[in-house]
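This report works through one protein chain, beginning with its overall make-up and then turning to its sheet, its helices and a few single residues. Please keep the sequence and the model in view while reading.

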Amino acid sequence: MILQIVGYKNSGKTTVMIRAVQLLKDLGYHVTTIKHHGHMGEDIQLPDSKLDHMKHFNAGADQSIVQGHEYVETIKRDNESALETLIADYVRMDNNIILVEGYKNAPYEKVILYRNTEDYNQLIQLQNVVYTIDQTIQNNDISSFEKWLRTWVNKQKG
């Protein structure tokens, strides 16, 4: 199952993603998240360059992987892969659900978050919009989204 959470900057996407992850984990699902860092001209912040695996990477390695006791971290050079490529190449765990923040033009089912009519009119044009969250409503009740998400997951299971 793949579900995208999309909207413009500061629309509440990360907050909704966090709530979705928490709910899905509470329901017993394995969850992977993918975030598109869409801030133009600004790249993601890499781990401290003093770490050994980052020294490897900064020396020119195309990919650097570090294994800890409970975690694995990988850093790889990549020039804006399509979401489908990221899923195929990087998602290696047996996941029930992949939640994606961003990638507006990808083909998966989407929840859109909007703060005004102009945003709504643009976002509703995207393909596969299955739920909308109006962020203009004061104290927008996330419980409606959580109820919808439970229903969506049950439908996807068949």
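## Terms and overall make-up

Helices are DSSP runs of H or I with at least four residues and strands are runs of E with at least two, both numbered from the N terminus. The model discussed here is a predicted one. Just after α1, Gly28 takes a positive phi of about 95°.

In total, the secondary structure of the chain amounts to five helices and seven strands, and from the N terminus on these elements follow the order β-α-β-α-β-β-α-β-β-α-β-α. Of the 158 residues in the chain, 35% are buried. Among contacts with a separation of 6 or more, 54% are made by residues 24 or more positions apart.

## The five-stranded sheet

Five strands form an open sheet in the order β2-β5-β1-β6-β7, with parallel pairing. Its edge strands are β2 and β7, each of which pairs on one side only, and neighbouring strands of the sheet are turned against each other by 20° on average, direction ignored. Strands of a sheet pair through backbone hydrogen bonds, in either a parallel or an antiparallel arrangement.

The pairing can be followed strand by strand. At one edge, β2 is joined to β5 by five bridges, the two strands running parallel, and Thr33 has Leu99 of β5 as its bridge partner. Five bridges also join β1 to β6, again in parallel, with Gly7 standing opposite Leu113 in β6. Towards the other edge, β6 and β7 run parallel and are joined by five bridges, and here Lys110 stands opposite Val129 in β7. Strand β6 is mostly covered, since five of its six residues are buried.

## Helix α1 and its buried face

Helix α1 comprises 14 residues (residues 13–26), which at 1.5 Å a residue should span 20 Å; its end C-alpha atoms are 20 Å apart, so the expected and the modelled span agree. Which residues of α1 are buried? They are Lys13, Val16, Met17, Ala20, Leu23 and Leu24. Seen down the axis of α1, these buried residues fall within an arc of 135°, and they therefore line one face of the helix. An α-helix has 3.6 residues a turn, so residues three or four places apart point the same way. On the other side of α1, Thr15 and Asp26 are exposed.

The cover over the buried residues of α1 includes the strands β1 (2–7), β2 (31–35), β5 (97–101), β6 (109–114) and β7 (129–134), together with helix α5 (142–157). In its placement on the sheet, α1 lies across β1, β2, β5, β6 and β7, and it runs at about 170° to β5. Helix α3 (residues 83–90) also packs on the sheet, where it touches β1, β2 and β5, and its direction makes about 140° with that of β2.

## The hairpin and the aromatic cluster

Strand β3 (residues 63–67) and strand β4 (residues 72–76) pair in the antiparallel sense over five bridges. These two strands, β3 and β4, form a hairpin with four residues between them, and within their pairing Ile65 stands opposite Thr74 in β4.

Turning to the aromatic side chains, a search of the whole structure finds five aromatic pairs. One aromatic cluster is formed by Tyr131, Phe145, Trp148 and Trp152.

## Two buried loop residues

Ser11 is placed in the loop between β1 and α1. Is Ser11 buried or exposed? Its relative accessibility is 3%, and because buried means under 20%, Ser11 counts as buried. Leaving aside its neighbours within four places in sequence, Ser11 is in contact with Leu113, Arg115 and Gln135; Leu113 is also the residue of β6 that stands opposite Gly7.

Leu126 is found in the loop between α4 (117–123) and β7, and with a relative accessible area of 17% Leu126 is buried as well. Beyond its neighbours within four places in sequence, Leu126 is in contact with Val6, Lys104, Asn105 and Lys110. For one of these, Lys104, the separation along the chain is 22 residues, while the C-alpha atoms of Leu126 and Lys104 are separated by 7.1 Å. Another, Lys110, is the residue that stands opposite Val129 in β7.

Technical notes: Residues numbered from 1 in each chain as written. Predicted model: local features only at pLDDT ≥ 70, side-chain atom pairs only at ≥ 80, totals over all residues. Heavy atoms only, no water. Expected span 1.5 Å × (residues − 1). Buried < 20%, exposed > 50% of the residue type's maximum accessible area, 1.4 Å probe, protein only. Arc of directions from axis to C-beta. Contact = heavy atoms within 4.5 Å. Pairing = 2+ DSSP bridges. Axes fitted to C-alpha atoms, helices over the stretch in contact; angles between N-to-C directions. Phe/Tyr/Trp six-rings, centres within 6.5 Å; stacked < 30°, edge-to-face > 60°.
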